[in-house]
Amino acid sequence: KIRDGLLAFQEEIELEDASTEEIDRLYGLVMKDYPEIFWCDGAGSVVTSSASFGLSGRSAALRPEYNCSEEEKEERRSRIEAEADQCLSGIDSQAGDYDKILYVYEYVIGGVEYDLSAPDNQNIYSVFVGRRSVCAGYAKAVQYLLERLGVFCTYVSGTAVSRSGEGGHAWNLVRCEGQYCYVDATWGDPVYLQEGREEDQEAQESPEIAYDYLCCDDTQLFRTHTPDSDQELPACSTMAYNYYVVNGMYYETYDPE
């Protein structure tokens with residue numbers, strides 16, 4: 001009902017026999033499962049009533065906050081879909097999971113600049129149209145594109161430790177050729193990796209994508225990332241599809257120090 005209400009742009013979504021805590025939890029999970037609902041970033045309020053409703057004699061309603069009008073939503077959707085279609089035209093729909101994941105990873109990193117001040121940076125509009133975003137936008141764009149390519153991908157939130165300290169973060173869980181692993185496009189972006197670092201001029205002029213977090217396992221990810229407890233995540237126990245392993249290259253795992 002929450003999903004359908006958001007898709008219909010409802011101002012108030014009535015929900016039976018649910019606590020405020022349960023509504024908040026489910027609202028958050030819907031936002032993680034549906035990156036295409038870009039007109040809502042998960043803000044809103046829950047209103048309860050003592051009026052008779054259902055067997056429990058109580059009712060509740062979710063009042064979501066939308067970041068644009070319904071008319072603007074349709075215009076933005078058209079622009080997003082046009083950009084996504086152009087992106088996906090560059091990959092064979094019959095390609096393997098790994099090639100699709102690599103393609104989307106490089107597309108998002110190559111086409112988007114990490115920018116904390118970017119508007120709409122909690123949704124995919126910032127990626128496909130604004131071309132500037134933060135981790136939430138990166139992760140939702142990766143999810144949106146991979147789902148369209150038929151690759152299982154979900155959005156994971158939590159915290160991560162970087163050179164600038166520990167803070168909220170978002171990344172993805174994917175299924176590559178039947179094996180679960182993690183993808184963090186934000187941590188592959190050279191602009192993000194240079195945040196808070198003094199680089200020589202040559203390094204700044206020739207940044208390179210990092211692939212440490214392209215299809216990595218729990219051991220690699222959990223050195224720096226801690227997922228929130230609102231999702232039950234499967235074990236990710238293989239590095240077989242990590243970019244450096246696939247290409248037979250030596251790699252050194254990221255050290256936040």
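The exercises below, each with a worked solution, lead through a predicted model.

Because the model is predicted, local features need pLDDT of at least 70 and side-chain atom pairs count only at pLDDT 80 or more, while totals for chains, interfaces and linings use all residues. Residues are numbered from 1 along each chain as its sequence is written, and side-chain values use heavy atoms, with hydrogens and water left out.

**Exercise 1. The nonpolar core**

Find which residues of the largest nonpolar core touch the most other members, and which helix gives the most to this core.

Solution. Start with the term: a nonpolar core is a set of buried Ala, Val, Leu, Ile, Met, Phe, Trp, Tyr and Cys residues joined through side-chain atoms within 4.5 Å. Buried here means under 20% relative accessible area, whereas exposed means over 50% and partly exposed lies in between, with a 1.4 Å probe and protein chains only. The largest core holds 72 residues, and those touching the most other members are L6, I101, V108, F128, L145, L146 and L214. The helix that gives the most to this core is α4 (residues 97-111), with eight residues; helices (H or I, at least four residues) and strands (E, at least two) are DSSP runs, numbered from the N terminus. Then take L146 and list its contacts, meaning heavy atoms within 4.5 Å: with neighbours within four places in sequence left aside, L146 is in contact with K100, I101, V104, V151, C153 and V174. Finally, another core of five residues lies apart from the largest one, and its members include C135, A136, A139 and Y155.

**Exercise 2. Helix α2**

Check the span of helix α2 against the expected value, and state which of its residues are buried.

Solution. The expected span of a helix is 1.5 Å times one less than its number of residues. Helix α2 (residues 20-33) has 14 residues and should therefore span 20 Å, which agrees with its end C-alpha atoms being 20 Å apart. Its buried residues are I23, Y27, L29, V30, M31 and K32. Among the elements that cover these buried residues are α1 (2-7), β1 (13-16), β2 (40-49), β3 (59-66), α6 (135-148) and β6 (153-162).

**Exercise 3. The surroundings of D115**

Decide whether D115 is buried or exposed, and name the residues whose side chains join it in polar contacts.

Solution. First place the residue: D115 sits in the loop between β4 (113-114) and α5 (125-130). Its relative accessibility is 17%, so D115 counts as buried. Next look for polar contacts, which are pairs of N or O atoms within 3.5 Å; within protein, one atom must be able to donate a hydrogen and the other to accept it, and residues adjacent in sequence count only if both atoms are side-chain atoms. The side chain of D115 has such a contact of 2.7 Å with that of S117, and another of 2.5 Å with that of R132. Beyond its neighbours within four places in sequence, D115 is in contact with N121, R132, S133 and V134.

**Exercise 4. Salt bridges in helix α3**

Trace the salt bridges of E74 and of E75, and say which residues join into one network.

Solution. A salt bridge is a side-chain nitrogen of Lys or Arg within 4 Å of a carboxyl oxygen of Asp or Glu, and the whole structure has eleven of them. E74 forms one with K73, where the closest N and O atoms are 3.2 Å apart, and another with R77, at 3.0 Å from N to O. E74 and R77 both lie in helix α3, three residues apart, or about one turn of the helix. K73 counts as buried because its relative accessibility is 2%, whereas E74 is partly exposed at 37% and R77 is partly exposed at 26%. In the same helix, E75 and R79 are four residues apart, and their side chains meet in a salt bridge of 4.0 Å, N to O. Shared partners join the salt bridges of K73, E74 and R77 into one network.

**Exercise 5. Cysteines**

State how many disulfides the structure has, and why C236 does not bond to C181.

Solution. A disulfide is a pair of cysteine sulfur atoms within 2.5 Å, and a search of the whole structure finds zero. For C236, the closest cysteine sulfur is that of C181, at 6.4 Å, which is too far for a bond. C236 counts as buried because its relative accessibility is 2%.
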